[in-house]
Amino acid sequence: MKETILVTGGTGFIGSHTTVELQNAGYEVVIVDNLSNSQADVIDGIEKITGKRPAFEKVDLRDYDATEAVFRKYPDISGIIHFAASKAVGESVQKPLMYYRNNILSLVNLLELMPKYNVKGIIFSSSCTVYGQPDVLPVTEESPIKKAESPYGNTKQINEEIIQDTIKSGSPIKSIILRYFNPIGSHPTALIGEMPNGVPQNLIPYLTQTAIGIREQLSVFGDDYNTPDGSCIRDYIYVVDLAKAHVSAMTRIMEDKTEESVEIYNIGTGRGTSVLELINAFEQSTGVKLNYKIVGRRAGDIEKVWGNVDKANEKLGWRADTPLGDVLATAWKWQLALRERNIM
């Protein structure tokens, strides 16, 4: 029997897929989520895929006592994968204090409780937003950290520093910080996927909702960037590949294979894809034509970013290799499944 892992935000998009991969790898999983941006029935989907139901506690990690009660109830927790956070860039600009409270206090509480309950390590869900608009592409883990464009991005930078400062102070824990690029797609079973509340903030759910007729039109923000087709370039990574990176990172900590007490990895495909290329790939893989239009640039958008992922490939023994067309087909299959279930 492998160790028990606490997955915070485990009913969310990336958290649910990571729970599946952890269970498939033999780990026991306890999910903590306050369900502020997800649904409890996601756990049913996880159980259908893996044949095993993860433990679930509805807890707000800002509440220290309620969080500590989880560690008391599950004394075998050996590691934490920390996803729980507010994550909409635009909303963070409007509600900065909510983002600072949600995203920072929850991590501080976990870091305080870990030594008390002999939790060995924490995988932190960070982001390529910490690089801002890089001077040199692809970005490596040594690329300079730029001033954050939003309170959301700033919480990622601050949390990385909090983890490093805590461990440097002598806290007997280890951490792997994963800076990931743009997660897309859904589980191939279409039993779990991306379920945004309200109008999607991310490109793919907006794209699939447009394709199925929920949204009238997809806006492409700008075609005058310094890129081959003028649209923004991102590194789009399949969410299942991303989930497997977390399992590799957790196993590295559990098996004492880390070379430093804090390790940082870029998690992406290592290549950039433009928005217009993505739309074309979606149309080709699904046979569905998209109604889209070019509009003006959106404030705060970075022109182009993708990562060098050699370090993760080498040290974690992990690689994101699912073809883009196959990834987009899973996103469409998920959208069709939501329609079939009269959800969306």
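## Aromatic pairs

Across the whole structure, a search finds two aromatic pairs. The model is a predicted one.

Phe71 and Tyr117 form a stacked pair, with 5.7 Å from centre to centre and 25° between the planes. This pair links distant parts of the chain: Phe71 belongs to helix H3, while Tyr117 is in the loop between helix H5 (96–116) and strand E5 (121–127), 46 residues apart. Phe71 is buried, at a relative accessible area of 1%.

The other pair consists of Phe282 and Trp332. Their ring centres are 5.8 Å apart and the planes stand at 90°, so this pair is edge-to-face. Phe282 lies in helix H9 (residues 275–286) and Trp332 in helix H11 (residues 324–340), so the contact ties together parts that are 50 residues apart in sequence. Phe282 is buried at 0% relative accessibility, and Trp332 also counts as buried, at 12%.

## Strands E2 and E3

Strand E2 (residues 28–33) and strand E3 (residues 55–58) run parallel and are joined by four bridges. Between them the chain passes through helix H2 (residues 42–50), and the resulting β-α-β crossover is right-handed.

Within this pairing, Val32 has Glu57 of E3 as its bridge partner. Glu57 also takes part in a side-chain contact, described next.

## Salt bridge between Lys73 and Glu57

Side chains of opposite charge can pair when their charged atoms come close. A search of the whole structure finds 19 salt bridges. One of them is formed by Lys73 and Glu57, whose closest N and O atoms are 2.8 Å apart. Lys73 is in helix H3 (residues 64–73) and Glu57 in strand E3, so the pair links distant parts of the chain, 16 residues apart.

Are the two partners buried or exposed? Lys73 has a relative accessible area of 52% and is therefore exposed, the cut-off being over 50%. Glu57 has 17% and is therefore buried, the cut-off being under 20%. Helix H3 thus holds Lys73 of this salt bridge and Phe71 of the stacked aromatic pair.

## Salt bridges around Glu259

Which residue does Lys315 meet in a salt bridge? The partner is Glu259, with 3.0 Å from N to O. Lys315 sits in helix H10 (residues 310–316), and Glu259 in the loop between helix H8 (239–254) and strand E11 (262–267); the two are 56 residues apart, and the pair links distant parts of the chain. Lys315 is partly exposed at 29% relative accessibility, whereas Glu259 is exposed, with a relative accessible area of 55%.

This contact belongs to a wider set: Arg252, Glu259, Glu263 and Lys315 are joined into one network by salt bridges that share partners.

A further salt bridge brings together the side chains of Lys257 and Glu255, at 3.0 Å from N to O. Lys257 is partly exposed at 49% relative accessibility, and Glu255 is partly exposed at 41%.

## Charges over rings

Two contacts place a charged side chain over a tyrosine ring. Arg297 lies over the face of Tyr225, 3.9 Å from the ring centre. The charged end of Lys311 sits over the ring of Tyr265, at 4.9 Å from its centre.

How values were computed
Residues numbered from 1 in each chain as written. Predicted model: local features only at pLDDT ≥ 70, side-chain atom pairs only at ≥ 80, totals over all residues. Heavy atoms only, no water. Pairing = 2+ DSSP bridges. Right-handed = clockwise from strand over helix to strand, strands pointing away. Salt bridge = Lys/Arg side-chain N within 4 Å of Asp/Glu carboxyl O. Buried < 20%, exposed > 50% of the residue type's maximum accessible area, 1.4 Å probe, protein only. Phe/Tyr/Trp six-rings, centres within 6.5 Å; stacked < 30°, edge-to-face > 60°. Lys NZ or Arg CZ within 6 Å of the ring centre and 35° of its normal.
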